[in-house]
Amino acid sequence: RFPNSERWRSAALSGSAGGAIAMPLPQRADERAAPGPRAAALPALALQRHRLWPLPLLLLALGAPQRGAAEVLCGGHSADACAGCPQGNGQPWCNGDCAWNRGKCVLREDAEEEEQAEVDGPFPFPPDTRPKGCPKEYDEAQFKDLKVSVVLPWLKEKWVHLRGTMEALLHFTPDHLIEEYIFVSDGNSDTKEKELKALSSKVKVIALPTRQGLIRAKMRGVEEAKGSVIVFMEGHCIVNKDWLQPLLHRIVLDPKALAMPALDIIPQENWHDYHKTPPIIWRYEWNMNLVTSSPGHTSRESPEAYLTPGTSGGIFAIKREWFLYLGLFDVGMLEWGGDHFELTMKVWRCGGLIEIVPCSRIGHLFRDPEHRPYPVEVNQVVANYNRLANIWLKDHLEYFYRMKPEARGMPLEGMEALHEHHAELQCKNMTWYLDNIDHEMKYEMDKICHPFVNGKDKCKGELAPGRFTITRKSQMPMDVYIRTRAEVEAGWNESGGVHADLKKDRSEL
């Protein structure tokens, strides 16, 4: 009978196949290690404190902790049942006989059966989360000149998520509005082309042989798209009832609009769960981090579309011609990060607008970095941000570098064409954006701080929830925001709109 793993140490002693190796005697009580994941390297004991064990049996003993008949192996320790494995540490302590499933530690065979049932079963049917007052039907005549190309780049997504995304699209989308569904496989070893095309004859698959990154995968999809409207989608979403028509309606009203759905939450632990989100806006900190806010004017639920200073960048509708005119994206940005900021600056500052449309609802599987199925190189993200800052924050560059000091000195290559295109677009400057669009970003200019630097920029106080560059006490008060917003919108009404100074006929698109 092998000793209990919590009472015995492994010894890093040499041996030969089929021979014997030193095994330590039981530990004293004061030597016992706390249960938990096994260490990568364990100390050897003095030779006088060992007995000999046959090597094959010893390797078995070292390979997994032993347990009584009623126990389960959790990976590096044992428990009476899988529910007892995490001991407050969550998923990392749920291994061995057990697996993490829907936020719980359960027997591995149960989790595998449930996962297979997800693969074989129907997509998770969402609750109708639209606010009261959304149209029960839409005048289809307004869409007669519109055809939609859905562009979906993906990397290492679970098939159950890809399939569920597609099946929800097919169920809730009027087929006559769809030109094609373009799946861009970003270097995946299995492109799922056969399985995806079996779902719809309108599916097209672009297989990039090596990973090009999210930004270039999106651009490749747009190159192939034939529809007059591009809808960017992600491979872990559940679209909801009548999701597409409200977005197209906003584009009919303004062809330079970037129309976003309201993104409801699918928890990363449970693909079959779905939660309605309250009204929010998307915006940026001075380090270009994307954040959400609810400063007051969006707090009351309404079916009416409303303006947002930024976009999350992954799920939205836009006229293809407008997208190409803006020159999206910068091909010098690699892999992941920055496309949402470039979208925001180009759309808002070059004559368009960004709206959230509450009557369009899409459930999105929000994942933290530990649950993301692919790696993200942080330095590359910062390098992408640095390129953007040198184009779009030229008059405010120091604010960015104070919050992203690691970007200083990063090489900038191939910028000449970007500066030329920026000049051709004749976009408004950052001051205009701050004065008219993102009032919180302007308010924070003289209050920003960095939690990890020394000197005058170091934060003095608790950071605001979900923020990195502002303390809780330095946030813009709601009454100040509402007053500022009202003053700006009054000015728009007097002048004829946010882009009233632009003479180009918006209907040209």
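**Exercise 1.** Aspartate 190 has a relative accessible area of 37%; decide which burial class it belongs to, then find its salt-bridge partner.

*Solution.* Welcome to this predicted model. Step one is to recall the limits: buried lies under 20%, exposed over 50%, and partly exposed in between. With 37%, aspartate 190 therefore falls in the partly exposed class. Step two is to look for its partner, which is lysine 192: the closest N and O atoms of this salt bridge are 3.4 Å apart.

**Exercise 2.** Take the salt bridge between arginine 130 and aspartate 128, and work out the burial class of each partner.

*Solution.* Start with the contact itself: the N to O distance between the two side chains is 2.8 Å, and the cut-off for a salt bridge is 4 Å. Next, check arginine 130. Its relative accessibility is 18%, so it counts as buried. Then turn to aspartate 128, whose 43% makes it partly exposed. The bridge thus pairs a buried arginine 130 with a partly exposed aspartate 128.

**Exercise 3.** Find the partner of lysine 218 in a salt bridge, and say which elements the pair links.

*Solution.* First, the partner is aspartate 339, with 2.6 Å between the closest N and O atoms. Second, place each residue: aspartate 339 is in helix 8 (residues 339–349) and lysine 218 is in helix 5 (residues 214–224). The two are 121 residues apart, and the pair links distant parts of the chain. Third, look at burial: aspartate 339 and lysine 218 are both buried. Finally, step back to the wider set. Arg283, Glu285, Asp438, Glu440, Glu444 and Arg467 belong to one network, joined by salt bridges with shared partners. The model has 30 salt bridges.

**Exercise 4.** Describe the largest pocket by its volume, its lining and the elements that contribute to it.

*Solution.* Begin with the volume, about 1400 Å³. Next comes the lining of 47 residues; nearest the centre are Leu290, Trp336, His340, Arg367 and Arg372. Two or more lining residues come from each of strand 7, helix 5, strand 14 (290–293), helix 8, strand 17 and helix 9 (378–392). Helix 9 gives the largest share, 4 residues. Last, sort the lining by class: 23 residues are nonpolar, 11 polar and 13 charged.

**Exercise 5.** Now do the same for the second largest pocket.

*Solution.* Its volume is about 700 Å³. The lining has 27 residues, with Gln91, Trp100, Lys158, Gln268 and His371 nearest the centre. Strand 5 (98–101), helix 2 (108–120) and helix 3 (159–172) each supply two or more residues. Helix 2 has the largest share, at 5 residues. By class, the lining holds 9 nonpolar, 6 polar and 12 charged residues.

**Exercise 6.** Count the cavities of 30 Å³ or more, and list what lines the largest cavity.

*Solution.* There are 3 such cavities. The largest cavity holds about 70 Å³ of space. Around it you will find Pro131, Ala262, Thr277, Pro278, Pro279, Glu301, Tyr306, Pro358 and Arg361. By class, these are 6 nonpolar, 1 polar and 2 charged residues.

One of the lining residues, Pro131, leads to a follow-up. Proline 131 and glutamate 304 are 173 residues apart in sequence, yet their C-alpha atoms are 9.4 Å apart in space. Glutamate 304 sits in the loop between strand 14 and strand 15 (306–307). Its relative accessibility is 55%, so glutamate 304 counts as exposed.

**Exercise 7.** Identify the buried residues of helix 6 (residues 244–253) and the strands they pack against.

*Solution.* The buried residues are Leu244, Gln245, Pro246, Leu247, Leu248 and Ile251. Their packing partners are strand 7 (148–154), strand 8 (178–186), strand 10 (229–232), strand 12 (257–266), strand 16 (316–319) and strand 17 (353–365).

**Exercise 8.** Find where the pLDDT falls below 50.

*Solution.* Start with the whole chain: the average pLDDT is 85, and 83% of the residues score at least 70. One stretch below 50 covers residues 1–69, which has 106 contacts in the model beyond near neighbours in sequence. Another covers residues 503–507, with 9 contacts beyond four places in sequence.

Definitions and conventions. Residues numbered from 1 in each chain as written. Predicted model: local features only at pLDDT ≥ 70, side-chain atom pairs only at ≥ 80, totals over all residues. Heavy atoms only, no water. Buried < 20%, exposed > 50% of the residue type's maximum accessible area, 1.4 Å probe, protein only. 1 Å grid on protein atoms, 1.4 Å probe; cavity = no way out; pocket = protein on both sides within 12 Å on 5 of 7 lines; lining within 4 Å. Points joined across faces, edges and corners; volume = space filled by probe spheres on them. Nonpolar A, V, L, I, M, F, W, Y, C, P; charged D, E, K, R; others polar. pLDDT = per-residue confidence, 0-100. Contact = heavy atoms within 4.5 Å.
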